[in-house]
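Load the model in your viewer, switch on a cartoon view, and keep the selection box handy. We will move from stop to stop, selecting a few residues each time.

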Amino acid sequence: TLKWDGEWQITYEVFRDLGIAFAVVIVLIYILIVGWFQNFSVPIVMLAAIPLSLIGIVLGHWMLGAYFTATSMIGFIALAGVMVRNSVLLIDFINIRLEEGIPIKQAIIEAGAVRTTPILLTAGAVVLGAVIILFDPIFQGLAISLMGGTITSTFLTLLVVPLIYFRMMRNQKTNSKP
């Protein structure tokens, strides 16, 4: 037999395999969050940070004129865990304050005030660490994904995730009233 292969076949197989790995990562993150929070809808709010990072990844590649490569996809997968961690920090703090009897609006404001610094420090560490590999031709896509995705997702997560969580909690309270 004779098999004709080429760069497109390799690219297809790499992105297919990385896509499968990404799906497995998302499912594992979801299961871990469900186990921790004992709720099936809260993890969906937390996973909202992942598409937010994709905005920064696409913008970063476009601004630097770089191609989206396999290492870019690896950066996207790695970023999923970091960005969900930011959502976990916010929502866990909100839940702690809600258990103490604080109203939801006040709990969200306090979560933003208290958790913003650790979230920004983590984001800064990721971005500064990625600067080192930004000019490497092999790992440039990884660096762009980490930097662009982290910057965009961090700022959007600090705004979007608490808003989605507030809306979800408000809807649960209005639906649970007799």
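## Stop 1: the salt bridges

Start with the charged side chains: in this predicted model, the structure holds 3 salt bridges. Show Arg-16 and Asp-17 as sticks, and you will find their side chains joined in one of these bridges, with an N to O distance of 3.1 Å. Are these two partners buried or partly exposed? Asp-17 has a relative accessible area of 41%, so it counts as partly exposed. Arg-16 is partly exposed as well, at 38%.

Next, select Arg-97, Glu-100 and Glu-110, which are linked in a network of salt bridges. Arg-97 pairs with Glu-100, where the closest N and O atoms are 2.2 Å apart. The side chain of Arg-97 also meets Glu-110 in a salt bridge, at 2.5 Å from N to O. That second pair links distant parts of the chain: Arg-97 sits in helix 4 (residues 70-99) and Glu-110 in helix 5 (residues 104-131), 13 residues apart. Colour by accessibility here: buried means under 20% relative accessible area, so Arg-97, at 19%, is buried. Glu-110 falls under the same cut-off, and its 18% makes it buried too.

## Stop 2: helix 1 against helix 4

Now hide the sticks and select residues 7-37, which form helix 1, together with helix 4. How are two packed helices described? By the angle between their axes and the distance between the axes. For helix 1 and helix 4, the angle is about 10 degrees and the axes are 10 Å apart. Angles under 35 degrees count as roughly parallel, so helix 1 is roughly parallel to helix 4. The crossing of helix 1 past helix 4 is right-handed.

Bring the side chains of the contact back. On helix 1, the residues to pick include Phe-15, Phe-22, Ile-29, Trp-36 and Phe-37. On helix 4, look for Met-73, Phe-76, Ile-77, Val-84 and Ile-91, among others. Which classes of residue make up this contact? It has 19 nonpolar, 3 polar and 1 charged residues.

## Stop 3: Ser-72

Stay in helix 4 and centre on Ser-72. Its relative accessibility is 0%, so Ser-72 counts as buried. Which residues does Ser-72 touch, not counting those up to four places away in sequence? Select His-61, Tyr-67, Gly-141, Leu-142 and Ser-145 to see them.

## Stop 4: Phe-166

Jump to helix 6 (residues 140-176), where Phe-166 is found. At 18% relative accessibility, Phe-166 counts as buried. Leaving aside neighbours within four places in sequence, its contacts are Ile-104, Lys-105 and Ile-108. Draw a distance from the C-alpha atom of Phe-166 to that of Ile-94: the two are separated by 9.7 Å, although they lie 72 residues apart along the chain.

## Stop 5: zoom out

Finish with the whole protein chain on screen. There are 6 helices and 0 strands, running α-α-α-α-α-α from the N terminus on. Along the principal axes, the C-alpha atoms fill a box of roughly 70 × 40 × 20 Å. Of the 178 residues, 40% are buried. If you build a contact map, residues 24 or more positions apart account for 73% of the contacts with a separation of 6 or more.

Note on methods:
Residues numbered from 1 in each chain as written. Predicted model: local features only at pLDDT ≥ 70, side-chain atom pairs only at ≥ 80, totals over all residues. Heavy atoms only, no water. Salt bridge = Lys/Arg side-chain N within 4 Å of Asp/Glu carboxyl O. Buried < 20%, exposed > 50% of the residue type's maximum accessible area, 1.4 Å probe, protein only. Helix = DSSP H or I, 4+ residues; strand = E, 2+ residues; numbered from the N terminus. Axes fitted to C-alpha atoms, helices over the stretch in contact; angles between N-to-C directions. Parallel < 35°, antiparallel > 145°, perpendicular 65-115°, else oblique. Left-handed = near helix turned anticlockwise from the far one by under 90°. Contact = heavy atoms within 4.5 Å. Nonpolar A, V, L, I, M, F, W, Y, C, P; charged D, E, K, R; others polar.
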